[in-house]
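Reader: I should like a close look at one part of this model: its strands, the way they pair, and the side chains that they carry. Please set the account out as one connected description.

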Amino acid sequence: KYEKWWLTFGISSLVLFLFIVGFSAFHYGSHPPTGKVYIDPERVDEIVPFNNPGVQKVEGKEWDYEVVLVASAFYYNPPEIEVPLGSTVKFIATTKDVVHGFQIVGTNINMILEPGYVSEYVTTVDKSGEFLILCNEYCGIGHSTMTSMLKVV
Ligand code: CUA
């Protein structure tokens, strides 16, 4: 009789544990690539929206700005991003060559950029200032100099 109870308890704990793990990953923003979209890394420059990297104001979406970003050894395009304080921003990023990181220092934004995949992150910028963006995946000789800047004004 008790076996059934323990089994139920065991399964419930497992489900709860998985839920917590899933929630933490979601909440703390350690995001793998979305993985649904495959794009040819060698043709990134021709593929929308990566043919036009930069900041764009958008209408009728849950976010106000889209930041399209292309990483390659050893820099980000655009090299600098500027968005207004209080706006909701969607980062849409990919890489043209090897795996790169995309970490915004002082925030919980930390994405991995993998060739062939699109990584996305939506956030509301509620702190003004300049935030260093850096690559936290070892990508070669220029890895330590691979940075960009987010300006919230
Ligand atoms: Cu790019 Cu390290």
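Author: A residue is called buried under 20% relative accessible area, exposed over 50%, and partly exposed in between (1.4 Å probe, protein chains only). Strands (E, at least two residues) and helices (H or I, at least four) are DSSP runs, numbered from the N terminus. This is a predicted model, in which local features need pLDDT of at least 70 and side-chain atom pairs count only at pLDDT 80 or more, while totals for chains, interfaces and linings use all residues. Residues are numbered from 1 along each chain as its sequence is written, and side-chain values use heavy atoms, without hydrogens and water.

Strand β5, residues 80–83, has alternating side chains. Ile-81 and Val-83 are directed to one face, where they are buried; Glu-80 and Glu-82 are directed to the other face and are not buried. The partner of β5 is strand β11 (residues 147–152), to which β5 is joined by four bridges in the parallel sense; strands pair if DSSP finds at least two bridges between them. Within this pairing, Leu-150 of β11 is the bridge partner of Ile-81, one of the residues on the buried face of β5.

Strand β6 (residues 88–95) has another pattern of burial. Eight of its eight residues are buried, so β6 is largely enclosed by the rest of the structure. Both faces are covered: one side carries Thr-88, Lys-90, Ile-92 and Thr-94, all of them buried, and the other carries Val-89, Phe-91, Ala-93 and Thr-95, which are buried as well.

The pairing of β6 involves two further strands. Strand β3 (residues 65–72) runs parallel to β6 and is joined to it by seven bridges; here Tyr-65 stands opposite Val-89. Strand β9 (residues 119–124) pairs with β6 in the antiparallel sense, over six bridges, and in this case Thr-88 stands opposite Thr-124 of β9.

Aromatic contacts can be added to this picture. There are six aromatic pairs in the structure; rings of Phe, Tyr and Trp (its six-membered ring) pair if their centres lie within 6.5 Å, and planes under 30 degrees apart are stacked, over 60 edge-to-face, the rest tilted. Tyr-38 and Tyr-117 form one such pair, edge-to-face, with 5.9 Å from centre to centre and 80° between the planes. Tyr-38 belongs to the loop between β1 (30–31) and β2 (54–57), and Tyr-117 to the loop between β8 (110–113) and β9, so the pair ties together parts that lie 79 residues apart in sequence. Tyr-38 is exposed at a relative accessible area of 56%, whereas Tyr-117 is partly exposed at 28%.

Tyr-76 and Phe-102 make an edge-to-face pair, because their ring centres are 6.2 Å apart and their planes stand at 80°. This pair links distant parts of the chain, 26 residues apart: Tyr-76 is in strand β4 (residues 75–77) and Phe-102 in strand β7 (residues 100–104). Both positions are buried, Tyr-76 at 2% relative accessibility and Phe-102 at 1%.

Outside the strands, Trp-5 has its place in helix α1 (residues 2–27). Trp-5 counts as exposed, at 53% relative accessibility, and together with Trp-6 and Phe-9 forms one aromatic cluster.
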